[in-house]
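Reader: I am new to this structure and should be grateful for a close look at one part of it. Please describe the pairing of charged side chains, together with its surroundings.

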Amino acid sequence: SVRGCWERSRSVRELEREKVEPTENGLPIAILPGFLSMKWWYDPEVEYFERRGHRVTIMTSPLVINFLPIEKKEDQYMREIYGLAEKEGEKVQLHCDSQGVLAAAALAVDYRRDFESCVAGVTNTGGVKPRHVNIAVGVAYLWSQFFNLSDDFKLVRKLEQLEEIEAEGKV
């Protein structure tokens, strides 16, 4: 998304001009990637956070390009986030890009207890709440749903639950 590209370029500019003193105990961060992104796409964010003392993990897809629907990787994401929180001994900050925001919303609803116990917060870069689909990405996303025999659009049905969780200040 445009916002995601802007956030990435801002991170790169800050890295190039700043001398950063890392904090000793930055939170562990899990990056939930955007649709059609690749692991290297997040190198600027990883460097940005690591230079500030954070430990960063990118939630990767088994494919080179993040093409899988959320429902096909939701269990994997929650297991990895939970495992990361246990390993680090503290809650994990989710840094979400585009589809990653939708994935975080699905995790907050479907794994509410685990999510609340191991997620410190959610940062949204280049994503929206699952209330509409960007038309530029929508066509490719629809094809990925058809190809993977999936239906991520059922996330819309979870909005009431997500709004309840948001009202409680959990997300």
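Author: A residue is called buried under 20% relative accessible area, exposed over 50%, and partly exposed in between, using a 1.4 Å probe and protein chains only. The model is predicted, so local features need pLDDT of at least 70 and side-chain atom pairs count only at pLDDT 80 or more, while totals for chains, interfaces and linings use all residues. Residues are numbered from 1 along each chain as its sequence is written, and side-chain values use heavy atoms, with hydrogens and water left out.

Side chains of opposite charge can pair when their charged atoms come close. A salt bridge is taken here as a side-chain nitrogen of Lys or Arg within 4 Å of a carboxyl oxygen of Asp or Glu. The whole structure contains four of them.

One joins Glu-116 to Arg-112, with 2.9 Å between the closest N and O atoms. The two residues are separated by about one helical turn because they stand four residues apart in helix H5; helices are DSSP runs of H or I with at least four residues, strands are runs of E with at least two, and both are numbered from the N terminus. Glu-116 is partly exposed at 25% relative accessibility, and Arg-112 is likewise partly exposed, at 28%.

Shared partners also join Arg-55, Glu-88 and Glu-90 into one network of salt bridges. Within this network, Glu-88 and Arg-55 bring their closest N and O atoms to 2.8 Å. Their bridge connects distant parts of the chain, since Glu-88 belongs to helix H3 and Arg-55 to strand S2 (residues 55-58), 33 residues away. Glu-88 has a relative accessible area of 21% and is partly exposed; Arg-55, at 28%, is partly exposed as well. Elsewhere, Glu-47 and Arg-51 form a salt bridge with an N to O distance of 3.8 Å.

Both H3 and H5 also supply at least two residues each to the largest nonpolar core. Such a core is a set of buried Ala, Val, Leu, Ile, Met, Phe, Trp, Tyr and Cys residues joined through side-chain atoms within 4.5 Å. This one has 22 residues, and Leu-107 is among those touching the most other members. Contact means heavy atoms within 4.5 Å, and the residues that Leu-107 touches include Arg-112, the partner of Glu-116. Immediately after H3, which carries Glu-88, Gly-89 adopts a positive phi of about 75°.

Notes: Lists of a residue's contacts leave out its neighbours within four places in sequence.
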